[in-house]
Amino acid sequence: MAIVDIISKLRASERITAAEALELWNNAPLWQLSEVAVAAKRRISGDKVYYNRNFHLEPTNVCQFECKFCSYRRSEGEEGSWDYTMEQVLDIVRKRKDSGATEIHIVGGVHPTHDLYYYTQMIRRIKQIMPQVAIKAFTAVELNYMISKAGLTTVEGLQLLKDAGMESIPGGGAEIFAPEIRNEICPQKGSAEQWLALHRAAHKLGIDTNATMLYGHIESIEHRIDHLMRLRELQDETGGINAFIPLKFRSANNSLSHLGETSVTDDLRTLAMSRLILDNVAHIKAYWVMYGKTTTELALAFGADDIDGTIDDSTKIYSMAGADDARPTMSVDDIVRICSNAGFRAVERDTHYNEI
Ligand code: V47
Ligand code: SF4
């Protein structure tokens, strides 16, 4: 189909096929993707761009997997590794108790000995310190590992975590679903089907989740489209995905450093195409820690309607992989300014996208 006809379909809010997506991705001018993606965003969230007050908790970077793109993981005892005690974790929370944060995002390495019961206890003790805070915790990969190690079914494991206070699951671990890429960049992580099954089970238990895609390494545009199509299918089935976050591969200090990084125009096309393909996912997040603040402003002209949160210098995943901001922190004033510079209105949300 000609580009002009695909654009007409999008203007009429019709769903596009994988072949149509490929045609647009490869050949549509950037300005046109911007226009249709922002129109699609405006149909969902008008002139709003969402943010929240959050911080990250990364209890350990000790990980027994060795994903090739990862700059963050260390082996036990290796220089640069950390593995906080429960008290150290709780101290981090105590220090931010009065910060106004409404969400704590907890992720870390796939640790060989910390188990499901350790993490349910961690969530319970955090909630004693900050009872109102929403816990968004653990990638599907960490969850699959801790739940199967405990000898439980996915539903049983998720139910225990939910009972402890886990309200939501972040989008990590999805990487690229196609097996030929997944087996190359993160062979230990489990299959796409396992990632999708964990999210499907969470949705059925009323735990909402995010979804991500790690792009800009050895995958092709066809792989990115396949990834987005699989997410669209899951969302048709369950409706449980809150937000999609395209994650740009950052190349410092990992085994794929030789690949370099994608261009800003590739980032913007990827955002716009995500908005257009995922017609059933309400929110597309431009994760400012990964893009840097300048590109985040631009991202809002390509269909993103969320820029994550204040973060408050609490994540190391991206700074260790070469992101511009070594100590990622953004004030609410910065967020409001970025949104209004791009012609939108910043709106504070909670984890479930209720406006505050
Ligand atoms: O799965 C690791 C990615 C993810 C690199 O749900 C890298 O709101 C780029 O999922 N370059 C974990 N990416 C982080 C994550 C996330 C981030 C922000 C918001 C949310 C959310 C989720 O980080 C991993 C992997 O895809 N990652 N190393 C790297 N060198
Ligand atoms: Fe471990 Fe996650 Fe890094 Fe993979 S991306 S090596 S699972 S910390």
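1. A nonpolar core is a set of buried Ala, Val, Leu, Ile, Met, Phe, Trp, Tyr and Cys residues joined through side-chain atoms within 4.5 Å. This model is predicted. Its largest nonpolar core has 108 residues. Leu24 and Leu158 have the most contacts inside this core. Helix H5 gives the largest share of the core, seven residues.

2. Start with Leu24, one of the two residues with the most contacts inside the largest core. Which residues does Leu24 touch, not counting those up to four places away in sequence? They are Ile3, Ile6, Ile7, Leu10, Ile16, Leu33, Arg269, Met273 and Leu276. Arg269 is thus on a list that also includes Met273 and Leu276.

3. Next, helix H4, which covers residues 86-95. Met86, Val89, Leu90 and Val93 are buried there. Why are these four on the same side of H4? They cover an arc of only 95° around the axis, so they share one side of H4. The general rule is that an α-helix has 3.6 residues a turn, so residues three or four places apart point the same way. The buried residues of H4 pack against three elements: strand S2 (54-57), strand S3 (103-106) and helix H5 (116-129).

4. H5 deserves another look. Lys127 is found in this helix. Is Lys127 buried or exposed? Its relative accessible area is 19%. The cut-off for buried is under 20%, so Lys127 counts as buried. Leaving aside neighbours within four places in sequence, Lys127 is in contact with Val133, Ile135, Ala164 and Glu167.

5. Trp288 is found in helix H12, residues 288-291. Trp288 is buried, with a relative accessible area of 1%. Its contacts, leaving aside neighbours within four places in sequence, include Lys293, Thr296, Ile307, Gly309, Thr310 and Ile311. Asp325, Pro328, Thr329 and Met330 are also in contact with Trp288. Take Asp325: Trp288 and Asp325 are 37 residues apart in sequence. In space, the two are 9.7 Å apart, C-alpha to C-alpha.

6. Now the empty space. Rolling a probe the size of a water molecule over the atoms shows where such space is left. How many cavities of 30 Å³ or more does the structure hold? There are three. The largest cavity holds about 710 Å³ of space. It is lined by 37 residues, and the closest to its centre are Thr139, Gly172, Glu175, Ile317 and Tyr318.

7. What makes up the lining of the largest cavity? By class, it divides into 18 nonpolar, 10 polar and nine charged residues. Helix H6 (140-149), strand S6 (208-215) and strand S7 (241-248) each supply at least two residues of this lining. S7 gives the largest share, three residues.

8. The second largest cavity holds about 60 Å³ of space. Its lining consists of Gly109, Val110, His111, His114, Tyr119, Glu142, Tyr145 and Met146. H6 provides the largest share of this lining, three residues. By class, the lining has four nonpolar residues, three polar and one charged.

9. Last, the largest pocket. Its volume is about 240 Å³. Of the 14 residues that line this pocket, the closest to its centre are Tyr84, Asp313, Ser314, Thr315 and Lys316. Five residues of the lining are nonpolar, four are polar and five are charged.

Key:
Residues are numbered from 1 along each chain as its sequence is written. Chains are lettered from A and ligands numbered from 1 in the order in which they are written. This is a predicted model: local features need pLDDT of at least 70, side-chain atom pairs count only at pLDDT 80 or more; totals for chains, interfaces and linings use all residues. Side-chain values use heavy atoms; hydrogens and water are left out. Buried means under 20% relative accessible area, exposed over 50%, partly exposed in between (1.4 Å probe, protein chains only). The arc is that of the directions from the helix axis to the C-beta atoms. Contact means heavy atoms within 4.5 Å. On a 1 Å grid over the protein atoms alone, a cavity is a set of points where a 1.4 Å probe fits but cannot get out, and a pocket is an open set with protein on both sides within 12 Å along at least five of seven lines; lining residues have an atom within 4 Å of a point. Grid points are joined across faces, edges and corners, and a volume is the space filled by probe spheres set on the points. Ala, Val, Leu, Ile, Met, Phe, Trp, Tyr, Cys and Pro count as nonpolar, Asp, Glu, Lys and Arg as charged, and the others, Gly among them, as polar.
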